[in-house]
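Subject: Structure handover, with notes on cavities and sheets

Hi,

Here is the structure I promised to pass on. Have a look at it first, and then read on for what turned up.

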Amino acid sequence: MHEPILRVRGVSKFFGGLTALDNVDFEVVPGEVVALLGDNGAGKSTLIKCISGVYRPEQGDIYFQQQQIAGRSPSEVRNLGIETIYQDLALAENLDVGANVFLGKEKIKYLFGFLPVTDDEYMRREAVTVLDKLDIHIPSLKQKLVNLSGGQRQAVAIARAMYWNAQLVIMDEPTAALGVPEQRKVLALIKSLREQNIPVILISHTMQDVMAVADRIVIMRRGRVAADMPRSEATEEIIVRHIVGSAEVGE
Amino acid sequence: MAEKAKIQPRQNRLSRTTLVEFVAQSWSYLFLLAMVIFFSVTGTGFFTVNNFANIFVTSTLVALMAIGQTYVVITAGIDLSIGWTVGLASVIAARTMRDLVNGGMEIAPAMLLGTVAALLVALIPGIINGILIGRVKIPPFIATLGMFGIVRGAAFLLTDGQQVVGQLPDNLREVLRAIGSGSLVYLIPGQGVAWFARPEGLEPAVIRGVAPLLPYPVIITAVIVVIFAFILGRTKFGRHTYVVGGNQDAAVRAGINVKNHLVWVYVLSAFTAGIAGVLYLFRFTSGAPQAGEAALLQSVAAVVIGGTNLFGGEGKISGAVIGALIIGVLQTGLVILNVDAVWQFIVVGVVIIVAVLVNQAQAALERLKTNA
């Protein structure tokens, strides 16, 4: 077994009187796909936002590659190699693929040796390289993202995470807005991340997705980890019982 | 083994639409051209170097304001205060130059100091707008509407409620006029060109034909256009402007300092308005609080006609310049045709609506093309 790359220890988060996370322990080892499940309000999103730096947990520690990251800013966390792909993808749809892969980290060249300009050609080339690595083909790279399909946009968001050497990718409902064929492509992308030894935390409501790609399943309920099991031990029925809470009642 | 993800290229079946697409994309250029041809054919005296120089000079005010406004609109904002910022800058410049010259300073340094003072003061409403919008999160419409009133009041306070700054010294006015109404090159029909100043000692018949080829206000505006088009189109700052307008959340998560960026954008808008104000003083040799009042909505119109999306994320400086020229040609052309000046409001109004319709149609066309 590998050393965990991410280790969440006793993390709690409160919103006013509401306990969103209650002493949560959670870890991820390199090369595994962890599905994070739970009903609405179970604390999944709060947990990933604590990891990605959007929220600062009130209690507990989060270690990424042995470094404490709890309370760091989103850009610091990102620079350490944790890329979060939110449901809304956080893409600038009015710009092209190259601009989006390099969003906020634009490559600069110097015109006449002193005028700093964006190196669009370089960014487009690099975008192609990383898209090729993921075996994604986008017809026109000068095309604005608004003209691409949902799956292609998802692919661009994943490509961006890959390009910046993500050590851990967090995906929030990556297939929710997609048609069936595109859902398959996204699942294939997740598998290809795993093949490159990049762990993925996958939040999903879609049971088929989870069963198709997850190595391990973590179920949250009312701010706590209700169950943590390998995929091989999980059935849809067990998962659902943990999500709704009847597993504890039944025992 | 993972199945490989393949996302099929979409087929482009609508090559027939290339012409339609071309028209949709460059309609503002075509429209400008069509209007120039129309007025040239129907109006005597329209197709002359003098008149074109006049149109360009007249358009500089709206064009300069539209440059800053383009940045603002690309970030999905609007700046309603720049009309009065133009006035404030012209008043500050006029007062400073007048007082310095009356106090015994040479003309040139007084003009330089007046210009610098005006530009610096003009930045103040921009900074406040930017902080209110970027940091306090007041909607741009409200923040700049408030600033509209504040700057207007401040400008009139500085003229003691008068329409213009009191009498400037004659020697100062002369130099201001030499620049504001002057040209780098004059065309003398049949005799070639003259540099820097309107040629003297010519026969009356020839004098009437002398035309400015490169008026100074146009040169100054062109330099500003080039600089700001470059910043918007080529630099990281420009790229971030589009990102902020396209998806502000994405900009934040990508580590772009959106708050500071918005402050800069409104400062920039105030800056081009400040230049317009100083240029107004040079052209009319007086500072007037209401110098940019009418030009404010024209600058918004120019931005929209130029294809900038009012919802943000899209737009070009070149489009805004074309928009300003369209308004300039319309105004001049209608006067030459002896049409009641009031008609220009109606025509410009129609053009704005057509512009938005064309841009929407163009976006629909683009979607249609890629989803075919």
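Please keep in mind that this is a predicted model. The largest cavity in it has a volume of about 240 Å³. The search covered the whole structure and came back with three cavities of 30 Å³ or more.

Which residues lie nearest the centre of the largest cavity? They are Arg78(A), Glu83(A), Thr84(A), Tyr86(A) and Arg253(B), out of a lining of 19 residues. In chain A, helix H2 (74-80), strand E6 (82-85) and helix H5 (150-163) each give two or more residues to this lining, and in chain B helix H10 (248-253) does so too. The largest share belongs to E6(A), with four residues. Sorted by class, the lining of the largest cavity holds 13 nonpolar, two polar and four charged residues.

Since E6(A) features there, its surroundings may interest you. On this strand, Ile82(A) and Thr84(A) point one way, while Glu83(A) and Ile85(A) point the other way. Are these residues buried or exposed? All of them are buried. E6(A) runs parallel to E9(A), and four bridges join the two strands. Within that pairing, Glu83(A) stands opposite Val169(A) of E9(A). H5(A) lies across E6 and strand E9 (168-172) of chain A, and runs at about 170 degrees to E6(A).

Both strands belong to an open sheet of six strands in chain A, in the order E6-E9-E10-E3-E11-E12, and the pairing is mixed. Why is one side of E6 and of strand E12 (224-230) left without a neighbour in the sheet? These two chain A strands stand at the edges and have a single partner strand each, so there is nothing in the sheet on the other side. On average, neighbouring strands of this sheet are turned by 20 degrees against each other, direction ignored.

Further into the order, strand E3 (residues 33-38) and strand E10 (residues 200-203) of chain A pair in the parallel sense over four bridges. Leu36(A) has Ile203(A) of E10(A) as its bridge partner. Helix H8 (residues 236-244) of chain A lies across E3, strand E11 (216-221) and E12 of that chain, at about 25 degrees to E11(A).

Now to chain B, where you may want to look at the second largest pocket. How much space lies in this pocket? About 260 Å³. Its lining is made up of 17 residues, and those nearest the centre are Thr58(B), Leu61(B), Arg283(B), Gln298(B) and Gln331(B). The elements that give two or more residues to the lining are helix H2 (49-74), helix H11 (258-284), helix H12 (293-305) and helix H13 (317-336) of chain B. By class, the lining of this pocket divides into nine nonpolar residues, seven polar ones and one charged.

Chain B also has an open sheet of three strands, in the order E2-E1-E3 and with antiparallel pairing. Its edge strands are strand E2 (192-195) and strand E3 (211-212) of chain B, each of which pairs on one side only. Strand E1 (residues 185-188) of chain B and E2(B) pair in the antiparallel sense over four bridges, and there Tyr186(B) has Ala194(B) in E2(B) as its bridge partner.

Happy browsing, and all the best!

Key: Residues numbered from 1 in each chain as written. Chains lettered and ligands numbered in written order. Predicted model: local features only at pLDDT ≥ 70, side-chain atom pairs only at ≥ 80, totals over all residues. Heavy atoms only, no water. 1 Å grid on protein atoms, 1.4 Å probe; cavity = no way out; pocket = protein on both sides within 12 Å on 5 of 7 lines; lining within 4 Å. Points joined across faces, edges and corners; volume = space filled by probe spheres on them. Nonpolar A, V, L, I, M, F, W, Y, C, P; charged D, E, K, R; others polar. Pairing = 2+ DSSP bridges. Axes fitted to C-alpha atoms, helices over the stretch in contact; angles between N-to-C directions. Contact = heavy atoms within 4.5 Å. Buried < 20%, exposed > 50% of the residue type's maximum accessible area, 1.4 Å probe, protein only.
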